[in-house]
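Trainee: Please pick one part of this model and go through it closely with me. I'm after the aromatic side chains and whatever lies around them, with the cut-offs spelled out as you go.

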Amino acid sequence: MDDLLARALGGDTSQLVAEQRQALLSRLLSRLAHEVRNPLSSLDVHVQLLEEDLHQLPGGTLPKAAERLEIIRTELKRLDNIVLQFLSLAGPTTVNRQPVQIGEVIDYVCRLFAPEAATRDIELSAHVDAGLPPLEADRAQLTQALVNLVINALQAVERRGRVEVLARRNETPAALVVEVRDSGAGIDPQHAVAMFEPFYTTRDQGTGLGLWIVHQIVSAHGGRVQATNAPAGGAVFTLQLPVPATTL
Ligand SMILES: Nc1ncnc2c1ncn2[C@@H]1O[C@H](COP(=O)(O)OP(=O)(O)OP(=O)(O)O)[C@@H](O)[C@H]1O
Ligand SMILES: [Mg+2]
């Protein structure tokens, strides 16, 4: 992390205290967020143009293409919101609460990664218990947390395997439990604690921000995130998101 911060901001950061590191990290993220907005807006324009081109095709639009463009548009909007949130310096700790059905978020994330999973022979499935109460949560942030966990799971599996997203109720404490399970190599106990720290990564191309963001989001919702290995192998990431006991 010191190395990354030093390279990004210039100078030696190894002597900084935790507070100063957090401040540097926010600056770095704001800069990144700012730069990301430019390609985002040009992408948005081109998606719009592509939609118009499609409408001019003889015989009308192709239903599959229209659905894919819709997903691209939603994702662009989501990215733009993420960036805006960082830029307003609110960070992911400001939660815009509204009633959210966790099943809808899980369904959306699974649809988002279905093509990617299919090309890599990974069976991506959702198992959501019936009649779960809504969460009072920030839908965009929950989506972001699950996206990060599912990406990590797909990366851990690489090819041919399984990624499952489950949701169920927990009575004490009153919460919804969301699990992302994969059939990858599992978590190396050596990394288990540090994994949630910013910039901690074991992947060549990783930034090490994914699990840190998940942790920030879940904490901002008064919840917890844990990582373990399943007895049969593979990692299990468990989120506990509180709900009023009366709704269970
Ligand atoms: N499903 C998983 N199975 C095994 N190890 C995992 C899993 N998810 C995360 N890890 C470990 O935790 C580390 C940190 O994950 P995190 O998502 O924060 O960063 P990253 O995936 O390396 O990079 P980024 O998310 O920024 O692309 C990973 O590099 C990996 O070592
Ligand atoms: Mg990641």
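Mentor: Let's fix one word before anything else: a residue is buried when its relative accessible area is under 20%, exposed when it is over 50%, and partly exposed in between, using a 1.4 Å probe and protein chains only. Keep in mind that the model is predicted, with local features needing pLDDT of at least 70, side-chain atom pairs counting only at pLDDT 80 or more, and totals for chains, interfaces and linings using all residues. Housekeeping: residues are numbered from 1 along each chain as its sequence is written, chains are lettered from A and ligands numbered from 1 in the order in which they are written, and side-chain values use heavy atoms, leaving out hydrogens and water.

Now to your aromatics. Searching the whole structure turns up one aromatic pair. Rings of Phe, Tyr and Trp (its six-membered ring) pair if their centres lie within 6.5 Å, with planes under 30 degrees apart called stacked, over 60 edge-to-face and the rest tilted. The pair is F196 with F237, edge-to-face, at 6.4 Å centre to centre and 70° between the planes. F196 sits in the loop between β5 and α6 (210-220) while F237 belongs to strand β7 (residues 235-242), so the pair ties together parts 41 residues apart in sequence. Both F196 and F237 are buried. Element names here follow DSSP runs numbered from the N terminus: helices are H or I, at least four residues, and strands are E, at least two.

F237 leads us straight to L149. Leaving aside residues up to four places away in sequence, L149 touches F237, along with V180, L211, V214 and L239; contact here means heavy atoms within 4.5 Å. L149 is part of helix α5 (residues 139-157), and its relative accessible area is 2%, which makes it buried. Its C-alpha atom is 7.8 Å from that of V214, although the two are 65 residues apart along the chain.

Two of L149's partners, L211 and V214, are also on the list for α6, where G210, L211, W212, I213, V214, I217 and V218 are buried. As for helices in general, an α-helix has 3.6 residues a turn, so residues three or four places apart point the same way. Just past the end of α6, G222 takes a positive phi of about 75°.

Follow L211 the other way and you reach ligand 1. L211 is among the residues that come nearest, together with N152, T201, T202 and T207, out of 19 around ligand 1; a residue counts as near if one of its heavy atoms lies within 4 Å. L211 puts a backbone N or O atom 2.8 Å from an oxygen atom of ligand 1, and L209 has a backbone N or O atom 3.3 Å from an oxygen atom of the ligand. From a side chain, a polar atom of D182 lies 2.9 Å from a nitrogen atom of ligand 1. On its own ligand 1 has 590 Å² of accessible area, and the protein covers 88% of that. Those areas come from the Shrake-Rupley method with a 1.4 Å probe, and for residues only the protein chains shown count as cover.

Strand β5, which comes before the F196 loop, brings in some charge. E179 in β5 (residues 175-182) has a salt bridge to R168, 3.2 Å from N to O, and the link joins β5 to strand β4 (residues 161-170), where R168 lies eleven residues away. A salt bridge is a side-chain nitrogen of Lys or Arg within 4 Å of a carboxyl oxygen of Asp or Glu. E179 also bridges to R181, with the closest N and O atoms 2.8 Å apart. Shared partners put R168, E179 and R181 in one network. E179 is buried at 7%, whereas R168 is partly exposed at 34%, as is R181 at 28%.

To place this in the whole chain: there are six helices and seven strands, in the order α-α-α-β-α-β-β-α-β-β-α-β-β. Of the 248 residues, 40% count as buried. And among contacts between residues at least 6 apart in sequence, 68% join residues at least 24 apart.

Technical notes
A polar contact is a pair of N or O atoms within 3.5 Å; within protein, one must be able to donate a hydrogen and the other to accept it, and residues adjacent in sequence count only if both atoms are side-chain atoms.
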